[in-house]
Structures are given as C-alpha cells and as structure tokens.
Amino acid sequence: MSLFSAGLLAGPAFAHGPSRQKVVEKIEIDAPAAKVWEIVGNFQDWNWHPGIAKTEGTGGNAVDAKRKLTLKNGGTIDETLTKYDADGKSLSYKIDAVDVKVLPVNNYAATISVKEEGGKSVVEWKGAFYRGFMNNDPPPELSDEAGLKAVSDIYKSGLAALKAKAESK
C-alpha cells in the first residue's frame, strides 16, 4: 500500500454538500388549456399568484426576458425567462437574485406547463433547486426541508389561485 493511499484511508470522510431538490405540483382546471395559458403564459404578468403584489419586467415573453416579482411580504425575486413555447403552452425560468430570507433556495429553475385533457386543463409546475445554505449543517430555516416546503407552498397556492381565476371567467 502506498503512503498516498494510506493517507486517504486514514483521512477524514468528506461530506458531499447539498443535493438538488425537486418539487412537482399539478392541478386539474375545469377550463380549456388556451384559456388557462392566457393567464399563466404571460411572463410579465404573474399577478394571478396570491403571493405576488407586482410584476415588472422587460423583454415580454422572449427568451432572456427579465422580471422582478414584488411579493406581498415586501421581498423581491429577480427572474429570467429561459424557454418559452406558446404552442406547447410551457415556459421555463430561473431565479437570478433572491434573499434566502425571502425564499430559502439557491440555483432555482422551474417550468410551468398547461396540457389539454378532455376539455379540461392539467397544469404542472415543477422546479429544482439547492437549499438556502450551501454548506454542510444548514440552520433549520435554510435546510432542504425548508426549501421544499417553501417552494411547494408557493406552487400549491399559485395553482389554487390559477384554478379559481380560470374557472370563474
């Protein structure tokens, strides 16, 4: 056995750091997909989401368009549109800047899509991210669990509001 390999075997175990987390939420809406897409498909207007007070942005629905979401709690989230498929009723975006006290995640990217199923719509919102604290031993408010809960809550409340809006029009 070489001194090098003996040193590795005797050395401390190295933790690998955080794992990428994923959240997927779906809802069925009693409205045609085109009607639901009219609401959710405008990257520059996400005021349908109950947690968002204001959406400001530039670039419309073009890839690399920017938006700033001002939340009802006062926090802000800066995002970039990474994919937009009007025909496929799908858009993807990433967070460029957010305080982990507002949303306890890092390296967040998500896709929201609308599919027609028998005259109704199925909306899927899926995201992937790392927890808010990127080193080992995160505080509870920046843990994997905190990130999963925060993102899941955002998706669930948004989808419920989208359903209510689309079904009431």
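Two strands pair if DSSP finds at least two bridges between them. Helices (H or I, at least four residues) and strands (E, at least two) are DSSP runs, numbered from the N terminus. What you're looking at is a predicted model, where local features need pLDDT of at least 70, side-chain atom pairs count only at pLDDT 80 or more, and totals for chains, interfaces and linings use all residues. Residues are numbered from 1 along each chain as its sequence is written, and side-chain values use heavy atoms, with hydrogens and water left out.

**Exercise 1. Work out how the strands β2, β3 and β4 are joined.**

Step 1: Take strand β2 (residues 52-58) and strand β3 (residues 66-71); they run antiparallel and are joined by six bridges. Look for K54, which sits opposite T70 in β3.

Step 2: Move on to strand β4 (residues 76-85), which pairs with β3 over five bridges, again in the antiparallel sense. Here L69 faces I77 in β4.

Step 3: Check the turn. Four residues separate β3 and β4 in this hairpin, and G74 in the turn has a positive phi of about 100°.

**Exercise 2. Put the whole sheet in order and find its edges.**

Step 1: List the elements: the protein has three helices and seven strands, and along the sequence they follow α-β-α-β-β-β-β-β-β-α.

Step 2: Line up the strands. The open sheet of seven strands reads β1-β7-β6-β5-β4-β3-β2, with antiparallel pairing. At the edges are β1 and β2, each with a single partner strand, so one side of each has no neighbour in the sheet. On average, neighbouring strands are turned by 20° against each other, direction ignored (axes are lines fitted to C-alpha atoms, for helices over the stretch in contact, and angles run from 0 to 180 degrees between N-to-C directions).

Step 3: Zoom in on β1 and β7, an antiparallel pair joined by nine bridges. K26 has E124 in β7 as its bridge partner.

**Exercise 3. Decide which face of helix α2 is buried, and what covers it.**

Step 1: Pick out the buried residues (under 20% relative accessible area; exposed is over 50%, partly exposed in between, with a 1.4 Å probe and protein chains only). In helix α2 (residues 33-40) they are A33, V36, W37, I39 and V40.

Step 2: Look down the axis of α2: these residues fall within an arc of 160°, so they line one face of the helix. That arc is taken from the directions from the helix axis to the C-beta atoms.

Step 3: Find the contacts (heavy atoms within 4.5 Å). The buried residues of α2 pack against β1, β4, β5, β6, β7 and α3. The helix α2 itself runs at about 155° to β6.

**Exercise 4. Describe the surroundings of T55.**

Step 1: Place T55 in strand β2. Is T55 buried or exposed? With 12% relative accessibility, T55 counts as buried.

Step 2: Look for polar contacts (N or O atoms within 3.5 Å; within protein, one must be able to donate a hydrogen and the other to accept it, and residues adjacent in sequence count only if both atoms are side-chain atoms). The T55 side chain makes one with the side chain of N47, at 3.2 Å. A polar atom of the T55 side chain also lies 3.2 Å from the backbone nitrogen of W46.
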